[in-house]
Amino acid sequence: MSELPLEAGLLLAALLFLTGLVGVITRRNILFMLMSIEIMFNAAGLAFVLAGAHNGQADGQVMLIFILAMAAAEVAVGLALIIQMHRKYNSVDTDVLSELRD
């Protein structure tokens, strides 16, 4: 089995991270923003695993487990906030939250 060069893997991780960053910046739907944050977490995990494999250590895989646990907590809290936002405002658009109230 051939190995993936470190530079190619890090380039893929950077592209994934930038895709997630663009999604967070440009989207107004909070569900798409959460998915973009998940893409950014996965890109960081990929970079850690590649760096750990390049050094021949399991540190990158340990960091990936922490990143996945943090992502699971983020999804749980984020979905709870989305449910409350939908109940109160009948929308998941972030512009609705930024309107001034009387």
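Let's start with a cation over a ring: Arg-27 lies over the face of Phe-32, 4.5 Å from the ring centre. Aromatic pairs, on the other hand, number 0 in this structure.

Keep in mind that you are looking at a predicted model. The chain has a mean pLDDT of 89, with 94% of its residues at 70 or more. Confidence is highest in helix α1 (residues 6-26), at a mean of 95, and lowest in α4, at 78. As a general caution, predicted coordinates should not be read in detail where pLDDT is low.

With that in hand, two residues are worth a visit, Ser-91 and Thr-94. Ser-91 sits in the loop between α3 (59-89) and α4 (94-97), while Thr-94 belongs to helix α4. Here are their contacts, leaving out residues up to four places away in sequence:

| Residue | Contacts beyond four places in sequence |
|---|---|
| Ser-91 | Met-85, His-86 and Val-96 |
| Thr-94 | Arg-28, Ile-30, Met-33 and Met-85 |

Met-85 appears in the contacts of Ser-91 and again in those of Thr-94.

Ser-91 also makes a polar approach to the backbone: a polar atom of its side chain lies 3.1 Å from the backbone nitrogen of Asp-93.

Is Thr-94 buried or exposed? Thr-94 counts as buried because its relative accessibility is 18%, and the cut-off for buried is under 20%. Its contacts with Arg-28, Ile-30 and Met-33, among others, complete the picture around this helix α4 residue.

Methods. Residues are numbered from 1 along each chain as its sequence is written. This is a predicted model: local features need pLDDT of at least 70, side-chain atom pairs count only at pLDDT 80 or more; totals for chains, interfaces and linings use all residues. Side-chain values use heavy atoms; hydrogens and water are left out. Helices (H or I, at least four residues) and strands (E, at least two) are DSSP runs, numbered from the N terminus. A polar contact is a pair of N or O atoms within 3.5 Å; within protein, one must be able to donate a hydrogen and the other to accept it, and residues adjacent in sequence count only if both atoms are side-chain atoms. Contact means heavy atoms within 4.5 Å. pLDDT is the predictor's confidence in each residue, from 0 to 100. Buried means under 20% relative accessible area, exposed over 50%, partly exposed in between (1.4 Å probe, protein chains only). Rings of Phe, Tyr and Trp (its six-membered ring) pair if their centres lie within 6.5 Å; planes under 30 degrees apart count as stacked, over 60 as edge-to-face and the rest as tilted. A charge sits over a ring if NZ of Lys or CZ of Arg is within 6 Å of the ring centre and within 35 degrees of the ring normal.
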